[in-house]
Amino acid sequence: MQFLIFNKSLISGEVPADWKLANVTPIFKKGKKSSVSNYRPVSLTVNLCKVFESILRDNMIEHLQRRSLIKSCQHAFVRNRSCLTNLLVFMDEVTNYIDRGHLIDVIYSDFQKAFDKLPHERLLMKLAAHGIAVNVLNWIENWLSNRKKTCSA
């Protein structure tokens, strides 16, 4: 049954409206519970959509890897790589420089909201340039538009 739903959604490029609705729930991190900054918003969405997103992501990453379009320095969204592996590679490079007597300066940037600010048109153009199928692009474009959020406390 899920296959039929996924197939129809992908072929039509239409994402069911309830898949675009997120129930945002605040999750306590640490510190004073009275401070709003100590909560992290988590978007709860339809599980069936999460499964479909996962299938699409895995297939797109496989497509990009087969065509050598993902750089070796990419760690996010790559199997067997993570923020931790990225930090380990970075630490190894820094340690090697220091061992050879070089000085090192490090500048940290916070890209926490980077995806929120990414122009969707640019993202879709990049995906198209990398050979992502038109029906997948149409589905992603639809998925990114007219999203709604509700809040629960």
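Trainee: Does Glu-62 count as buried, partly exposed or exposed, and what is its relative accessibility?
Mentor: Good place to start, and keep in mind that this is a predicted model. Partly exposed covers what lies between under 20% (buried) and over 50% (exposed). Glu-62 therefore counts as partly exposed, with a relative accessibility of 42%.

Trainee: Which residue forms a salt bridge with Glu-62?
Mentor: Here we look for a side-chain nitrogen of Lys or Arg within 4 Å of a carboxyl oxygen of Asp or Glu. For Glu-62, the closest N and O atoms of the pair are 2.8 Å apart. The two residues both lie in helix 2 (residues 47-66), 4 residues apart, which is about one turn of the helix. The partner of Glu-62 is Arg-66.

Trainee: And is Arg-66 buried or exposed?
Mentor: The cut-off for exposed is over 50% relative accessible area. Arg-66 has 54% relative accessibility, so the residue counts as exposed.

Trainee: Which residue does Asp-58 meet in a salt bridge?
Mentor: The side chains come to 3.0 Å, N to O, in this pair. Asp-58 has 33% relative accessibility and so counts as partly exposed. Its partner, at 36%, also counts as partly exposed. That partner is Arg-57.

Trainee: How many salt bridges does the count come to?
Mentor: You have now met Asp-58 with Arg-57, and Glu-62 with Arg-66. By the 4 Å rule, the count comes to 2.

Trainee: Let's turn to the strands. In what sense do strand 1 and strand 2 pair, parallel or antiparallel?
Mentor: Strand 2 covers residues 39-44, and 6 bridges link this strand to strand 1. One of the partnerships is Phe-28 with Tyr-39 in strand 2. The sense of the pairing is antiparallel.

Trainee: Which residue of strand 3 is the bridge partner of Ala-22?
Mentor: Strand 1 (residues 21-28) and strand 3 (residues 148-151) run parallel and are joined by 4 bridges. In strand 3, the partner of Ala-22 is Lys-149.

Trainee: Last one! How are helix 5 and helix 6 oriented, roughly parallel or roughly antiparallel?
Mentor: The axes of helix 5 (residues 120-129) and helix 6 (residues 134-144) come within 10 Å and cross at roughly 165°. Angles over 145 degrees count as roughly antiparallel. So helix 5 is, relative to helix 6, roughly antiparallel.

Trainee: Which residues of helix 6 make the contact?
Mentor: The crossing of the two helices is right-handed. From helix 5, the contact involves His-120, Leu-123, Leu-124, Leu-127 and Ala-128. From helix 6 come Leu-137, Ile-140, Glu-141 and Leu-144.

Key. Residues numbered from 1 in each chain as written. Predicted model: local features only at pLDDT ≥ 70, side-chain atom pairs only at ≥ 80, totals over all residues. Heavy atoms only, no water. Buried < 20%, exposed > 50% of the residue type's maximum accessible area, 1.4 Å probe, protein only. Pairing = 2+ DSSP bridges. Axes fitted to C-alpha atoms, helices over the stretch in contact; angles between N-to-C directions. Parallel < 35°, antiparallel > 145°, perpendicular 65-115°, else oblique. Left-handed = near helix turned anticlockwise from the far one by under 90°. Contact = heavy atoms within 4.5 Å.
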